[in-house]
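I open this notebook to record what I looked up in one structure, entry by entry. The entries cover burial, helices, aromatic rings, cysteines and a few single residues.

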Amino acid sequence: MRRKFISHAISAVALLTLGALSVSAADNSAIKEKAAACAGCHGENGISQTENIPSLAGQPDQFLQWQLVFFRAGSRKNDQMQPIVEEINNEDIRNFGAYFSQLTPPKGPEDGDPDLSKKGAQVAAGRRCASCHTDSYAGTKAVARLAGQREEYLVKALHDYKAGQRVGSGVAAMADVAYHMSDEEVTAVSHYLAHLK
């Protein structure tokens with residue numbers, strides 16, 4: 001299992017290195033047309049309106065590329081994504097990363113439970129989430145943007161990491177962090193992050 005992950009990680013690093021050489025896809029009408037197919041699940045302009053489906057707008061380029069590589073390699077599984085990633089090539093992956101990363105990210109909805117957000121902020125500080133996801137939780141490089149992401153999706157993602165059903169990049173820090181979180185902490189930190197402006 002570990003050997004398979006390392007193999008996928010090496011392939012992804014090579015892909016991302018080549019991606020640095022690619023031209024920005026934001027102005028490319030062909031990639032806009034391909035990305036339009038993503039709107040059925042991920043929403044117009046990459047902002048999801050569907051439960052348990054993440055928003056892609058404003059996610060860091062490298063993070064998006066890594067996730068597509070993980071899906072395509074089978075180390076990250078999703079019944080809806082598998083047939084899609086089987087049809088995309090390395091250039092598509094680089095272009096999708098560039099395209100969605102340049103879209104305006106979602107804004108967090110009004111917070112109906114500020115006490116839960118306060119508890120979530122304490123959890124985020126205690127778990128040192130900002131050390132990877134940045135102080136604004138906007139993400140960077142291969143690390144996800146969390147601010148304004150769908151709340152129930154954040155809960156699902158943390159539970160997937162906790163259960164070992166989702167891999168992270170690098171030293172798999174997310175699995176280590178999530179494993180030690182209680183359900184109450186997962187709920188609170190997801191609420192906090194989803195409502196960040």
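**Entry 1. Burial and surface.** I looked first at burial and noted that 44% of the 197 residues in the protein chain are buried. I use buried for under 20% relative accessible area, exposed for over 50% and partly exposed for what lies in between, with a 1.4 Å probe and protein chains only. The model is a predicted one, in which local features need pLDDT of at least 70 and side-chain atom pairs count only at pLDDT 80 or more, while totals for chains, interfaces and linings use all residues. Residues are numbered from 1 along each chain as its sequence is written, and side-chain values use heavy atoms, with hydrogens and water left out. The surface that the protein chain exposes comes to about 10,900 Å², and carbon and sulfur atoms supply 54% of it. Accessible areas come from the Shrake-Rupley method with a 1.4 Å probe; for residues, only the protein chains shown count as cover.

**Entry 2. Secondary structure and contacts.** I counted 11 helices and zero strands in the protein chain. Helices (H or I, at least four residues) and strands (E, at least two) are DSSP runs, numbered from the N terminus. I then looked up sequence separation in the contacts, a contact being heavy atoms within 4.5 Å. Of the contacts in the protein chain with a separation of 6 or more, 72% are between residues 24 or more positions apart.

**Entry 3. A helix pair.** How do helix α2 and helix α6 pack? I found an angle of about 85 degrees between α2 (residues 29-36) and α6 (residues 90-101), with the axes 10 Å apart. α2 is therefore roughly perpendicular to α6, a term for angles of 65 to 115 degrees; under 35 degrees counts as roughly parallel, over 145 as roughly antiparallel and the rest as oblique. Axes are lines fitted to C-alpha atoms, for helices over the stretch in contact, and angles run from 0 to 180 degrees between N-to-C directions. On the α2 side I listed I31, K32, K34 and A35, which meet D92, N95, F96, Y99 and F100 in α6.

**Entry 4. Aromatic rings.** Three residues of that α6 list returned in the ring search: F96, Y99 and F100 are linked into a cluster by ring pairs. Rings of Phe, Tyr and Trp (its six-membered ring) pair if their centres lie within 6.5 Å; planes under 30 degrees apart count as stacked, over 60 as edge-to-face and the rest as tilted. By this rule I obtained four aromatic pairs. One of them is W66 with F70, a tilted pair at 5.4 Å centre to centre and 45 degrees between the planes. W66 and F70 are four residues apart in helix α4 (residues 61-73), so about one helical turn separates them. W66 is buried, with a relative accessible area of 9%, and F70 is buried at 1%. Y99 and F100 form an edge-to-face pair, 5.1 Å centre to centre with 80 degrees between the planes. I noted Y99 as buried at 13% relative accessible area and F100 as buried at 4%.

**Entry 5. Cysteines.** How many disulfides does a search of the whole structure find? The search returned zero disulfides, a disulfide being a pair of cysteine sulfur atoms within 2.5 Å. For C41 the nearest cysteine sulfur, that of C38, is 8.7 Å away. C41 is partly exposed, with a relative accessible area of 38%. The sulfur of C129 is too far for a bond, because the closest cysteine sulfur, in C132, is 8.7 Å from it. C129 is buried, at 15% relative accessibility.

**Entry 6. Single residues.** Is H133 buried or exposed? H133 counts as buried, at 9% relative accessibility, and its place is in helix α8 (residues 130-133). Not counting residues up to four places away in sequence, H133 touches A138, G139, V143, A144, L146 and M174.

S101 lies in helix α6 and is partly exposed, with a relative accessible area of 23%. S101 and Q59 are 42 residues apart in sequence, yet their C-alpha atoms are 5.0 Å apart. With residues up to four places away in sequence left out, S101 touches G58, Q59, P60, D61 and L64.

A173, in helix α10 (residues 173-179), is partly exposed at a relative accessible area of 32%. The C-alpha atoms of A173 and Y161, 12 residues apart along the chain, are separated by 9.6 Å.
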